[in-house]
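Subject: Structure handover

Hi,

Here's the structure I promised to pass along. Have a look at it first, and my notes on what turned up follow right after.

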Protein chains: 2
Amino acid sequence: MISQTAEYALRAIVFLADQSDAPQTTQQIAEVTRVPAGYLAKVMQGLSRCGLVRAQRGLHGGFSLAVPPKELTVLDVVQAVDPLRRIEHCPLGISSHRSLCPLHGRLDSAVALVEKTLGSSTIADLLPDANRGRPLKPLCSLAQEG
Amino acid sequence: MISQTAEYALRAIVFLADQSDAPQTTQQIAEVTRVPAGYLAKVMQGLSRCGLVRAQRGLHGGFSLAVPPKELTVLDVVQAVDPLRRIEHCPLGISSHRSLCPLHGRLDSAVALVEKTLGSSTIADLLPDANRGRPLKPLCSLAQEG
DNA sequence: TCTATTATGGATGTCAAGGTCCGCTTGTCG
DNA sequence: CGACAAGCGGACCTTGACATCCATAATAGA
């Protein structure tokens, strides 16, 4: 449904959002989110280039969110690392000027629905503060202590 | 979003549904749907094993639908060749007895929505008869003649 | 029965995603 | 300045999806 890379990116972003701007190193993020550190480094590079995250080199460096969690949607993160593609013209026809055939119309509407769903969830919505009264940590991994 | 293989399977199924039970060879299906013939053969095998399609060997053989188009949904086809996976437990936690964390709850609800959308479109819905008044053929490929 | 036709199944090839490694650059701090 | 701590970027490996090819089994028709 969404790629492994997008999953990793989301875990990292949610973790960063929970750390109130204190830079977190790739190692730290990797441990908490259970993402292979070497690969996470690549993913974070991508998020950095897209401007979702700030990178700070050197001692006490690391990554921090570059966008307020309330203004960052799950869709933003997914699109940054592994874009969902709407079906704009039928994969067969050269007839791109026409509307989609019934099949691809349905398929595209499913994609549209996913866009809408993910686009209406901000990262802030996923944080503990937004879920008071529930004993959940923002990431499943953090729940294993209980 | 959905795999190439699922896309191929859907094209083939829609084409077969439009042919009212006359068996179509892999070659015929491949030409109309613009799917690599060799690969389509594999895909059709899968559909056959899942019982969505009947295979007939020998002269005048080929494939035909094994399920009435009105009783076959787009989701059925997708699940047969390349199953959509709901997120049942968080990919991190060993805490599978708990409810999903907020992030994976949202992601799963997106998958659920796709299931619902594709599950409510039957193959019959995609056929020309169901779309009278519109000049569309069931597959985009067939539209290139105009 | 023989032959042409068609699906079947296995071996193999190709390519991009996922993942690892390591040397380089940028930065902090003493 | 030197030493260390981080991210950066390129080379490389692995795996699975997509795709090809061919020998074989099943079937219809002469």
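One cut-off before anything else: a residue is called buried here if 20 or more other C-beta atoms lie within 10 Å of its own, with C-beta atoms placed from the backbone. A:L16 has 27 other C-beta atoms within 10 Å, so A:L16 is buried. Do keep in mind that this is a predicted model.

More on A:L16, then. This leucine is found in helix 1 of chain A. Leaving aside residues up to four places away in sequence, A:L16 touches A:Q24, A:V53, A:F63, A:S64 and A:L65. For a distance to check in your viewer, try A:L16 to A:G58: they are 42 residues apart along the chain, and their C-alpha atoms are separated by 18 Å.

Now chain A as a whole. It has five helices and two strands, and along the sequence they follow the pattern α-α-α-β-β-α-α. Of the 146 residues in chain A, 36% are buried. If you take the contacts in chain A between residues at least 6 apart in sequence, 63% join residues at least 24 apart.

Next, the DNA. Which residues come nearest to DNA strand C? Out of the 25 residues around that strand, they are A:S3, A:T5, A:P36, A:G58 and B:A55. The elements giving two or more residues to this surface are helix 1 (4–17) and helix 3 (37–49) of chain A, plus helix 3 (37–49) and strand 2 (62–65) of chain B. Helix 3 of chain B gives the most, with four residues. By class, the surface near DNA strand C has eight nonpolar, 14 polar and three charged residues.

DNA strand D has 25 residues around it, and A:A55, B:Q4, B:T5, B:P36 and B:G58 come nearest. Here at least two residues each are supplied by helix 3 and strand 2 (62–65) of chain A and by helix 1 (4–17) and helix 3 of chain B. Helix 3 of chain A gives the most to the surface near DNA strand D, with four residues. The class split for DNA strand D is eight nonpolar, 14 polar and three charged.

On to helix packing in chain B. Two packed helices are described by the angle between their axes and the distance between the axes, and I looked at two pairs that way.

Helix 1 and helix 3 of chain B pack at an angle of about 75 degrees, with their axes 10 Å apart. These two helices are therefore roughly perpendicular to each other. From helix 1 of chain B the contact uses B:T5, B:Y8, B:A9 and B:A12, and from helix 3 of chain B it uses B:L40, B:V43, B:M44 and B:L47. Sorted by class, those residues are seven nonpolar, one polar and no charged.

Helix 2 (residues 26–33) of chain B also meets helix 3 of chain B: the axes come within 9 Å and cross at roughly 115 degrees. That makes helix 2 and helix 3 of chain B roughly perpendicular to each other as well, and the crossing is right-handed. B:T26, B:Q27, B:I29 and B:A30 in helix 2 of chain B meet B:A37, B:L40, B:A41 and B:M44 in helix 3 of chain B. This contact divides into six nonpolar, two polar and no charged residues.

B:I13 sits in helix 1 of chain B. Is B:I13 buried or exposed? It counts as buried, because it has 29 C-beta neighbours inside 10 Å. Not counting residues up to four places away in sequence, B:I13 touches B:L52, B:V77 and B:I123. The C-alpha atoms of B:I13 and B:I29 are separated by 9.3 Å, with the two residues 16 apart along the chain.

Last, two backbone angles for you to check. Most residues other than glycine have a negative phi. B:D21, in the loop between helix 1 and helix 2 of chain B, has a positive phi near 75 degrees. With 10 C-beta neighbours inside 10 Å, B:D21 counts as exposed. B:R34, in the loop between helix 2 and helix 3 of chain B, has a positive phi too, of about 60 degrees. B:R34 is partly exposed, with 16 other C-beta atoms within 10 Å.

Cheers

Terms used
Residues numbered from 1 in each chain as written. Chains lettered and ligands numbered in written order. Predicted model: local features only at pLDDT ≥ 70, side-chain atom pairs only at ≥ 80, totals over all residues. Near = placed C-beta within 6 Å. Nonpolar A, V, L, I, M, F, W, Y, C, P; charged D, E, K, R; others polar. Buried ≥ 20, exposed ≤ 12 C-beta atoms within 10 Å, placed from the backbone. Contact = placed C-beta atoms within 7 Å. Axes fitted to C-alpha atoms, helices over the stretch in contact; angles between N-to-C directions. Parallel < 35°, antiparallel > 145°, perpendicular 65-115°, else oblique. Left-handed = near helix turned anticlockwise from the far one by under 90°.
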